[in-house]
Amino acid sequence: MTDTAASSTAEAFRVVRNPNPATDAERAERLKDLAFGLQFTDHMAHMTWTADEGWADRRVEPYGPLQMDPAASVLHYAQEIFEGLKAYRWADGSVHLFRPVANAERLNRSAWRMALPELPVEDFMESIHALVEIDQAWVPDAPETSLYLRPFLIGTDVFLGLRAPKRVDYLLIASPSGPYFKGGVKPVSIWVERDYHRAGPGGTGAAKCGGNYAASLRPQMAAIERGFDQVLYLDAATGSVLEELGGMNVFAVHKDGTVLTPILNGNILEGVTRSSIIQLVEDEDLKVVERDITLTELRQGIEDGDIVEVFACGTAAIVTPVGRMASEDFDVTVGDGEPGPVTLKVRQRLTDIQYGRAEDTYGWMTQVI
Ligand code: COI
């Protein structure tokens, strides 16, 4: 292995090259028919934090298994947070990130909630620049594909006492990916969960911590057994107000053009895609209202034809139409069950900006290559 200086955009990260990177032919094979989150590039970025020294040892190293003490705190007390963002290949071959600083800032809000150290935004950005630069050949160019970036922090303290960790590792891995849901913009079906909640008041709902996602899996499995794709959670305090899906925010479109989405109440994730959509919808001269939306109102609205579209959104899933919603006591088709015009328009506007097909009027894109 050779250590070489990193690029000028990432001089703080030393590079330890993978001695056995994929060959061009192997990489081309692995980039074919991409699904979400199954392929990984040749390298990963890594930094280590200690209570005594702060963040140190910035490096890009070969992608591979981590060596971790079995007493590492993440393995016992789930001291873990993560982010998700994408690098997009434009038609001219250049590579661009979508709102990376928003992810860096959210990572730090999650870090604060989970008693993990904050990561300087410059380190977050440099880690991405360094990794995407060395693994740029892995940024796919097929339609609807991108390099999904997964930054995360884990507590690696070797101590079984419960405390804020005194040692933490930051890692960034990259996964050339296709759509999160197979089959293009096919509407998904949603089971509204009554028995389990994703988050409670004062809990960790707004933090992007692995535990929130782990807790969503039992209801998700039950929903799949019932024949549904995803779960929609209601608030824990009253069981009547919409929150979010297991890994996506939710929007509803009224027939008068008003677009509704649950207000950020500390229980739901402050989605980067969510806030971008709010901006895009407002620019279509439609009104966005962030407020509590009750299940009764949504269900009645869908039944009466007042709510004509529902869609979910997130970095991985982009904008995904919801065609059917059900629970123990109801089963409704949203509109005619097909993706509606607002959903399709918002998805198109967002992806046009992300892939460089439309002008980036908001300054959301950052060129990496
Ligand atoms: C993302 O959309 O990037 C997420 O982190 C959600 C995850 C379930 C894939």
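Here are two short exercises on the ligand site and the cavities of this model.

The model is predicted, so local features need pLDDT of at least 70 and side-chain atom pairs count only at pLDDT 80 or more, while totals for chains, interfaces and linings use all residues. Residues are numbered from 1 along each chain as its sequence is written, and side-chain values use heavy atoms, leaving out hydrogens and water.

**Exercise 1.** Find the residues that surround the ligand, then list its polar contacts with Y148, K208 and T315.

*Solution.*
- Step 1: Collect the residues with a heavy atom within 4 Å of the ligand. They are F82, G84, Y148, R150, Y180, K208, G247, G314, T315 and A316.
- Step 2: Look for polar contacts, pairs of N or O atoms within 3.5 Å. Oxygen atoms of the ligand lie 2.6 Å from a polar side-chain atom of Y148, 2.8 Å from a side-chain N or O atom of K208 and 3.3 Å from a backbone N or O atom of T315.
- Step 3: Place the site between domains, whose bounds come from an automatic or database assignment. Domain 1 (14–178) and domain 2 (188–354) both contribute to the shell, so the ligand lies between them.

**Exercise 2.** How much of the ligand's accessible area does the protein cover?

*Solution.*
- Step 1: Compute accessible areas by the Shrake-Rupley method with a 1.4 Å probe.
- Step 2: On its own, the ligand has 280 Å² of accessible area, and the protein covers 87% of that.

Methods
A polar contact is a pair of N or O atoms within 3.5 Å; within protein, one must be able to donate a hydrogen and the other to accept it, and residues adjacent in sequence count only if both atoms are side-chain atoms.
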